[in-house]
Amino acid sequence: LIVSDADGGLDDFTVFTLTSAFGNQNNERFSGFSVDSFTGIVALSSTPDLDYELSTVVTVTVEASDGMNSAFTTIVITLEDVNDNTPVQRSTALTVYGIDENTPVNTTVNPLQLWTVMDLDGTSPNNLFDLSLVGTFSERFSINNAGEIRQLQMLDTEDQVFYTLRVLAVDRGTPSLNSTGGTILIYANDINDNTPQFAAPSYAVSILENTTVSALILEVQANDSDKTFHNQVNFTQPEATFTITTVTTPGTGVGSLRLQSALDRETQSSFEFQITVTDIVNRPLDTVSTPRHSTTNVSITVLDIDDNRPVVRLTASSNVPYPESTTANPVAQLSTIEDVDLISQYPITALRMQLSSELGENYPPAGGYCPQQLISGAGPAVDFLYSDSLHLCGIGQSR
């Protein structure tokens, strides 16, 4: 500063004093200026507190005094903005967003909670910035400068549930400054998009017809690839002769098919039906998905046991009266020997009717006696467990 004083001599000695330094916003007071008392040079301190974002103009007032009289002058200093503020992000902690798997590509992940960034520099381009995502899964998502995060790929919970990202903000000042925000956790909500699958497309078993009721006949297994809520299953089947129970754990289930009522091969020798497996939709966590199901074919063959008596039938020519006193062993031709069992423990061969020498229990009131006719044979017996006998009366009537 340059001053003049009309007085001469000692009265011409001037001392400079800085009286104030105020900004143009909120009368912000700055302490970073100084003035040399003798030369009047106004300078900044080594640690100036100027801040363009607080005041763009600073007015400095200096007093010049010769000890008796004083004069004041103001210096208006216009500040220029420099890129001295790093972009500030909305969060340095954990932020969580959720989106359904299989959501179409380019869907906004955070429509109600945009990622916000601020740069406090006062002018462009210092306060402009660009956002990007960094992290292992950054190629699956994008972010624009408005803080809108979009998915670039279809998400699949069975492939990946959680995606960890961070936002990198880089301003456009020179030199540029940048910041990395807190962790963003995006999780893919599981939906019921996988159908449970049986371990085998069909099952075939054979069981004896005298199998005990409640006995285990067959176990089937099914797997469900859904990741969380929808990977437990239940088994059903329509055949009343059997019942099925389910034991399920996440991702898999076992169905135990048991006999519900007694079997009879002669009534029904086989069963053909389907077992259905249905996944369990977790309500109320999922109010959108519908259950999915698949089926497998079951074939059960009932094996025979020897549980029926054979039936012997004579031909008409066997109804021939024999004299009461005969001692011969008349031969009666067999028309059929019926046994509904399939099992033939012994072959049926050359059977003949042999007249017993003992009186039968039933004695007809009119003529002759009714001897008991027993089945015997030149070969083995007709049936391993059972036999049958015929009674021929002396008058030749069979019954």
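Select Asp304 and Arg265 in this predicted model, where the two side chains form a salt bridge whose closest N and O atoms are 3.2 Å apart. With both residues shown, follow the chain between them: Asp304 lies in the loop between strand 21 (293–303) and strand 22 (311–314), while Arg265 sits in the loop between strand 19 (252–259) and strand 20 (270–279), so that the pair, 39 residues apart, links distant parts of the chain. If you colour by accessibility, Asp304 counts as buried at 10% relative accessibility, and Arg265 counts as buried as well, at 11%.

Keep Arg265 selected and add Glu266, whose side chain meets that of Arg265 in a salt bridge with an N to O distance of 3.0 Å. Glu266 has a relative accessible area of 28% and is therefore partly exposed. Now display Arg265, Glu266 and Asp304 together, since salt bridges that share partners join these residues into one network.

Next, move to Arg140 and Asp159, which form a salt bridge with the closest N and O atoms 3.4 Å apart. Here too the pair links distant parts of the chain, with Arg140 placed in the loop between strand 9 (129–134) and strand 10 (141–143), and Asp159 placed 19 residues away in the loop between strand 11 (149–151) and strand 12 (162–171). Arg140 counts as buried at 16% relative accessibility, whereas Asp159, with a relative accessible area of 49%, is partly exposed.

To finish, widen the selection to the whole model, in which the count of salt bridges comes to 5, including the one between Arg140 and Asp159 and the one between Arg265 and Glu266.

Technical notes:
Residues are numbered from 1 along each chain as its sequence is written. This is a predicted model: local features need pLDDT of at least 70, side-chain atom pairs count only at pLDDT 80 or more; totals for chains, interfaces and linings use all residues. Side-chain values use heavy atoms; hydrogens and water are left out. A salt bridge is a side-chain nitrogen of Lys or Arg within 4 Å of a carboxyl oxygen of Asp or Glu. Helices (H or I, at least four residues) and strands (E, at least two) are DSSP runs, numbered from the N terminus. Buried means under 20% relative accessible area, exposed over 50%, partly exposed in between (1.4 Å probe, protein chains only).
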